[in-house]
Amino acid sequence: MKLYLVRHPKPDVIKGLCYGDRDVPLADGWQVPAQSLKKALSKDGDGASMTYYHSPLSRAAQLAEFISDGQSVVVDALTELDFGEWEGLCWQDIPKQEIDLWMEDIVHSAPYHGESLQVVADRVWQWWLSIKDNPTEACVVVAHSGVIKVFVSLLCQWPLAQCHRIDVGFNSLTELYVQGDFVTLKRLGAGDWVLP
């Protein structure tokens, strides 16, 4: 199965805002790169049966509905990490000692009283195990940076504590080929599909 992990377009928020699982609107003009993505997936899929899944947050749901012609399935497990008390704050306004505490054990700690990275990994993995054997040639997942970083780390058996090093830009496309427990990473966080 081909597995495409797509990050939502840029949201309309102030720079540096911690918005995690907060529902925020998309910035104007998001449909332009979305159209390019839709064409690229259609061309790459070349008639393959595609199944679409997306986070319930509107920034992912709008893109998923657009590229799937309304055929995408909402999955709560694909929601971005809940940053609890940090939601709605700018990163520069969060006390440095709290961020340092989080970074000491980024996988298990949640000094913001939200979800830990391990909680996100557990819910994403449980969902994946429930659908991975479905008979489909291609699967498109529209989600968030944190979810995609965790998902790639789990599939590739990379240390979860290092997943923050994966660059997943807005509108990016990560492509993997999954056959049983064998995973090939073909493209990681690429935005090159938007080029003519």
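Tutor: Rings of Phe, Tyr and Trp (its six-membered ring) pair if their centres lie within 6.5 Å, and planes under 30 degrees apart count as stacked, over 60 as edge-to-face and the rest as tilted. This is a predicted model, in which local features need pLDDT of at least 70 and side-chain atom pairs count only at pLDDT 80 or more, while totals for chains, interfaces and linings use all residues. Residues are numbered from 1 along each chain as its sequence is written, and side-chain values use heavy atoms, with hydrogens and water left out.

Student: How many aromatic pairs does the count come to by this rule?

Tutor: Some of the rings gather together, since Phe-83, Trp-86, Trp-91, Trp-102 and Tyr-112 form one aromatic cluster. When the rule is applied, the number of aromatic pairs comes to 13.

Student: Is the pair of Trp-128 and Phe-151 stacked or edge-to-face?

Tutor: The ring centres of Trp-128 and Phe-151 are 5.4 Å apart. Their planes stand at 70 degrees, so the pair is edge-to-face.

Student: In which helices do Trp-128 and Phe-151 lie?

Tutor: Helices (H or I, at least four residues) and strands (E, at least two) are DSSP runs, numbered from the N terminus. The pair ties together parts that are 23 residues apart in sequence, because Trp-128 lies in H4 (residues 117-131) and Phe-151 in H5 (residues 145-156). The two helices are therefore H4 and H5.

Student: How many of the residues of H5 are buried?

Tutor: Buried means under 20% relative accessible area, exposed over 50% and partly exposed in between (1.4 Å probe, protein chains only). What covers the buried residues of H5 includes S1, H4, S4, S5 and strand S6 (182-190). Phe-151 is one of these buried residues, and of the 12 residues in H5 the number buried is 10.

Student: Which residues does Phe-151 contact, leaving aside its neighbours within four places in sequence?

Tutor: Contact means heavy atoms within 4.5 Å. With those neighbours left aside, the partners of Phe-151 are Leu-3, Leu-5, Val-124, Trp-127 and Trp-128.

Student: Which element gives the most to the largest nonpolar core?

Tutor: A nonpolar core is a set of buried Ala, Val, Leu, Ile, Met, Phe, Trp, Tyr and Cys residues joined through side-chain atoms within 4.5 Å. The largest one has 38 residues, and those with the most contacts inside it include Leu-3, Trp-128 and Phe-151. At least two residues of this core come from each of S1, H4, S4, H5 and S5. The element that gives the most, with 7 residues, is H4.

Student: Which strands are joined to S1 by bridges?

Tutor: Two strands pair if DSSP finds at least two bridges between them. S1 and strand S4 (residues 138-143) run parallel and share 6 bridges, with Cys-139 as the partner of Leu-3. S1 and strand S5 (residues 173-179) run antiparallel and share 5 bridges, with Tyr-177 as the partner of Lys-2. The strands joined to S1 are thus S4 and S5.

Student: Which strands stand at the edges of the sheet?

Tutor: The sheet is open and has 6 strands in the order S3-S2-S4-S1-S5-S6, with mixed pairing. Each edge strand has a single partner strand, so one side of it is left without a neighbour in the sheet, and the two are S3 (73-74) and S6.
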